[in-house]
Amino acid sequence: MTKLDLNLLITLNVLLAEGSVVRAAQRLGLSPSAMSRALARLRKTTGDPLLVRAGRVLVPTPRALELREQVSQLVQEATSVLRPAERLDLTQLMRTFTLRTRDGFVENFGAALLDRVRQEAPGVQLRFMQKLNKESALLREGIVDLETGVVSSMTSPELRTRALFSDHFIGVVRVGHPLSEGGITAARYAAQGHIMISRRQGHKGEIDDALQRLGLEREVLTSVDGISTALALAKDSDLIATVPERHSLNLRRGMFSFPLPITLPNITISMLWHPRMDADPAHRWLRQCVQEVCGMDYQGNSQRTALINP
């Protein structure tokens with residue numbers, strides 16, 4: 001099959017509109033001889049003379065008249081496709097975005113994000129999905145539009161990321177728990193029963209490493225896979241839940257929170273998306289919404305020795 005030169009569509013469109021080789025050449029910035037050669041190629045490709053001389057002017061053939069409107073439409077559509085996207089009209093945007101987030105994100109940021117979206121783009125809906133692993137397949141396949149979480153060595157290098165906020169771990173117990181009175185030392189903290197948050201059975205993390213460096217070991221009485229479950233257990237027992245402070249703010253209201261007597265590194269919560277969504281105006285707007293909602297002023301309480309959340 002002969003490879004077609006689609007540039008000939010633009011040439012044909014101008015020739016049929018102008019009805020003159022000279023004027024068509026001027027319009028496209030070509031010489032008359034170059035335009036004549038292009039017309040010859042068009043005649044060979046279409047099998048029709050297209051423009052024929054009638055006195056001192058060129059007139060279109062019946063085939064050219066048939067093609068004129070179709071060619072004009074094709075050129076307009078091609079030009080539209082290649083033109084930069086028009087400015088996003090949020091009031092007219094109708095779209096559903098799926099966000100995959102870790103436990104605690106929706107409870108702390110979901111309502112504010114929904115309110116922001118509803119005010120700016122009432123036709124947009126958000127669908128929240130729980131993030132159970134770090135697999136990037138859902139982002140790659142377009143099932144998920146945006147994720148939140150901690151970027152690690154397990155995160156696919158193809159993904160785009162942007163930091164949202166920094167968080168750190170605190171201890172949380174029920175009101176009236178023995179740790180709600182008196183100073184909290186590493187020894188007192190380790191001596192209590194603990195809830196481990198992990199999806200891997202038998203996994204020991206940075207808390208255990210920090211205690212081990214002090215010659216201490218905590219007693220883990222149960223393991224759960226999420227922040228909300230850990231806090232629900234701690235609220236009705238004498239167990240300690242060690243959770244990220246900001247990620248758990250709304251979930252631990254009415255409980256006693258305290259700074260850890262051990263040193264743990266901060267964690268950075270980021271949003272992640274597939275690179276094919278980079279230039280999408282609606283997706284850029286969504287990322288901006290998430291960034292600003294998560295970046296709102298936050299009155300943390302990490303400097304207090306003890307806190308009962310209101």
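Start by selecting Ile10, Leu28 and Leu30: these residues make up a nonpolar patch on the surface, and their accessible area together is about 220 Å². Keep in mind that the model on screen is predicted.

Stay on Ile10, which sits in helix α1, residues 7-18. Ile10 has a relative accessible area of 41%, so it counts as partly exposed.

Now select the whole of α1. How far apart are its end C-alpha atoms? They are 17 Å apart, which agrees with the 16 Å that twelve residues should span at 1.5 Å a residue. Colour Leu8, Thr11, Leu12, Asn13, Val14, Leu15 and Leu16 within α1; these residues are buried. Step past the end of the helix to Gly19, which follows α1 and has a positive phi, near 65°.

Next, go to the interior. In soluble globular proteins, nonpolar side chains tend to be buried together. The largest nonpolar core here has 26 residues, and Trp285 and Val290 touch the most other members. Elements that each supply at least two residues of this core are β3 (95-101), α5 (105-120), β4 (124-130), β6 (160-167), β12 (267-273) and α10 (281-294). Of these, α10 gives the largest share, seven residues.

Centre the view on Trp285. Leaving aside residues up to four places away in sequence, Trp285 touches Leu88, Leu90, Leu93, Phe97, Val117, Glu120, Ala121 and Val124.

Finish with a second, separate core of 19 residues; among them are Leu15, Val21, Ala38 and Ala64. Leu15 is also one of the buried residues of α1, the helix that holds Ile10.

Technical notes
Residues numbered from 1 in each chain as written. Predicted model: local features only at pLDDT ≥ 70, side-chain atom pairs only at ≥ 80, totals over all residues. Heavy atoms only, no water. Patch = residues over 30% accessible without salt bridge, like charges linked within 9 Å, V, L, I, M, F, W, Y side chains within 5 Å. Areas by Shrake-Rupley, 256 points an atom, 1.4 Å probe, with all protein chains shown as cover. Salt bridge = Lys/Arg side-chain N within 4 Å of Asp/Glu carboxyl O. Helix = DSSP H or I, 4+ residues; strand = E, 2+ residues; numbered from the N terminus. Buried < 20%, exposed > 50% of the residue type's maximum accessible area, 1.4 Å probe, protein only. Core = buried A, V, L, I, M, F, W, Y, C linked by side-chain atoms within 4.5 Å. Contact = heavy atoms within 4.5 Å. Expected span 1.5 Å × (residues − 1).
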